[in-house]
Structure formats: C-alpha cells, structure tokens
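Good morning, and thank you for making time for this presentation. Please bring up the sequence and the structure, and I shall take you through two topics.

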Amino acid sequence: MSSASTSSAAAVAHTCGLGKQQRRRLAAFDFDHTIVSQNTDTVVRDLLPSHLIGSSALTDLMENDCWTQYMSEVFRLLHVQQVTESRIRDVIRCIPEVPGFVRLIKHLHKKLNFDLIIISDSNSIFIDEWLRAHNLLDCFTGIFTNPAEFSPTGQLLVRPHHQQTDCKLSASNLCKGRVLEHFVIEQDLRYNIRYDHVFYVGDGNNDICPVLRQRACDFACARQGFAMEKHLIKNHNKLRLRANLLIWRSGFELLDQMCMLPQLQGPPIGSQSMCLDVNCKAEIGRRASAVAGPADRQQ
Ligand SMILES: [Mg+2]
Ligand SMILES: [Zn+2]
C-alpha cells in the first residue's frame, strides 16, 4: 500500500464523518517481532552467503545510526548474488505471525471498529507483501515505514522514512513517536477524528519513544521478555510513563487483556454507532470484577 493510496483510502473512509467530530480508538503496531515472529530485514539478509554478512564493509555500516543505509548495502549485495525479487518475496511471506496477531488485528478492525496503523523500521515492500499474503492489508488505515521499490533490474531500493536529529531515542531515519503524534494530529485536522484511547504495541527499543509521548488514557503494550518491556520496567521511575502498561506474550493474550478493559466497554464517548463484539462483551462481563492494576490507574 503506497502512502498515497493509504491517505486516499482514509479520505474515502472518513468522508461520511466530515463536519461532525468522531470519537474513535487507535492501535499502532510495530511490525518485526510484534506482528511477525522474526526480523524481516535479517531474514532477507540471511539469504547472503555468511562471509558477506560478516564482512567489515557491512558490519561497519551496522554501527551507523541509519538502518536504511545498512539495508541498502544488503540489498545491493543480494542483487550482485542474483537473489531474485520472487525469492525475497517468498521468504517474507513465509515468516510466521507472532501467535494470535492475525486474529487480534482482524478482531480490532472488524469487531471493535479500531483504526489501525503500522509504524515500522522495515520497509514498504516487506510489510505490504506479508499483509497481502495474510489478507490483512485492508485492515490498516496507514503504514508508516521506509519506502522501497524494486528497480527494473530487480534490485531492492529503500529510502529513509524521514531524516531527523531532534529525537535522541530514535534512529535518524525514523522517529516513531513523531510519526504517531503527526498521525493523531492529522486525523483531527483533516477528518475531525479524535482518539479516546491510543494503544501502541511493540517489542523493541525503538518502540520506547512513541509510548513516552502517550497520554494517561492511552496504553503502552510491550512484549514480555523483549527490550521494550525490560527498558520500561528497569527505568520505570526515571521514564515517567503516563500511559497504562500492558505486558503481552501473544496476540491472543493481548486481545483478552484489551477485552477486559473497562475503557473498551461500550462505544467511544460521542460516537454514533459502534458494535461491540458479543463475545467481547461477555468476556468483559465475566472478568470485570477481576480487573486490577493498569486499568485502576486510569484517570
Ligand atoms: Mg520490533
Ligand atoms: Zn523519537
């Protein structure tokens, strides 16, 4: 999905709400190790012979602050090695989901009426390929990542999503916090959409920046045992995270936790019509009394 088609799709989807404020919910997802169970870039890089992966020319670039420069060189070497576009697309499609994420995404989109976006340091070709293969592309309002394309000779070309030096928590080619903030502001200004709750779902160190910008009514959803969770817990006092912290091990578990939240019981304030899934309602009813912890800190 190109950014142009994404924004035009969003425009069509929201035309009916113009002039009247809509209150909605947003879930923003990282991609690698959050939706898919591996790192798309390293899966493709590993199609290279190991002596090239370990070469100093490549490892020196890895030290660099800009990940897309490293991957550009990987893609150049793959082209030299005559690794084809179809081979690259094949390995991407075959990466398994993190258990439960296909279901989580479909449920949030179809049953709970969430807006969904992806903010990832992978690239548009990989994300598009995987989502299309899993019938998920239509679930997303926007995909914010490094733009990529295959050249006429079959070399994958990738460019930085943006260039930034303001945020020290983020790489120069992608500040996920800035992307998330811009998306929320743009939805308000262009389509009169306000998000009562924003969920940010991730696993890595580059997912710290966006959750530190979240509000007290939002949810930082960190994968258990991964860098994001470890960093947030270790530096809990210093970071002053305002958002509620949800720790998850699978998409199934995260969906269960979300369904238990009192904040997701019923439609967003001021929304005209929103169908809450019957199963989800039942789940809330069954477990409401057991809810404790993050939800209780809600303001
Ligand atoms: Mg990740
Ligand atoms: Zn940042």
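Let me begin with a definition: a salt bridge here is a side-chain nitrogen of Lys or Arg within 4 Å of a carboxyl oxygen of Asp or Glu. Please keep in mind throughout that this is a predicted model.

By that criterion, the structure holds 17 salt bridges. Several of the residues concerned belong to one group: Glu85, Arg89, Asp90, Arg93 and Glu129 are linked in a network of salt bridges. Within this network, the side chains of Asp90 and Arg93 meet at 2.2 Å, N to O. Both residues lie in helix α6, which spans residues 85-93, and they are 3 residues apart, about one turn of the helix. How accessible is Asp90? Its relative accessible area is 33%, so Asp90 is partly exposed. Arg93 also counts as partly exposed, at 33% relative accessibility.

Two further pairs deserve mention. The side chains of Arg45 and Asp46 form a salt bridge at 3.3 Å, N to O. Arg45 is buried, with a relative accessible area of 13%, whereas Asp46 is partly exposed at 46%. The other pair is Asp188 and Arg194, whose side chains meet in a salt bridge of 2.9 Å, N to O. Here Asp188 is partly exposed, with a relative accessible area of 24%, and Arg194 is partly exposed as well, at 38%.

I turn now to the strands. Which residues of strand β2 point one way, and which the other? Asp115, Ile117, Ile119, Asp121 and Asn123 point one way, Leu116, Ile118, Ser120 and Ser122 point the other way, and all are buried. Since 9 of the 9 residues of β2, residues 115-123, are buried, the strand is largely enclosed by the rest of the structure.

What are the pairing partners of β2? One is strand β1, residues 22-29, which pairs with β2 in the parallel sense over 4 bridges. In this pairing, Leu26 stands opposite Asp115 in β2. Another is strand β3, residues 142-146, and β2 pairs with β3 in the parallel sense over 4 bridges. There, Ile119 of β2 stands opposite Phe144 in β3. Between these two strands, the chain crosses from β2 through helix α8, residues 124-133, to β3, and this β-α-β crossover is right-handed.

To close, I would direct your attention once more to β2, which pairs in the parallel sense with β1 and with β3.

Technical notes: Residues are numbered from 1 along each chain as its sequence is written. Chains are lettered from A and ligands numbered from 1 in the order in which they are written. This is a predicted model: local features need pLDDT of at least 70, side-chain atom pairs count only at pLDDT 80 or more; totals for chains, interfaces and linings use all residues. Side-chain values use heavy atoms; hydrogens and water are left out. Buried means under 20% relative accessible area, exposed over 50%, partly exposed in between (1.4 Å probe, protein chains only). Two strands pair if DSSP finds at least two bridges between them. A crossover is right-handed if, with the strands pointing away from the viewer, the path from the first strand over the helix to the second runs clockwise.
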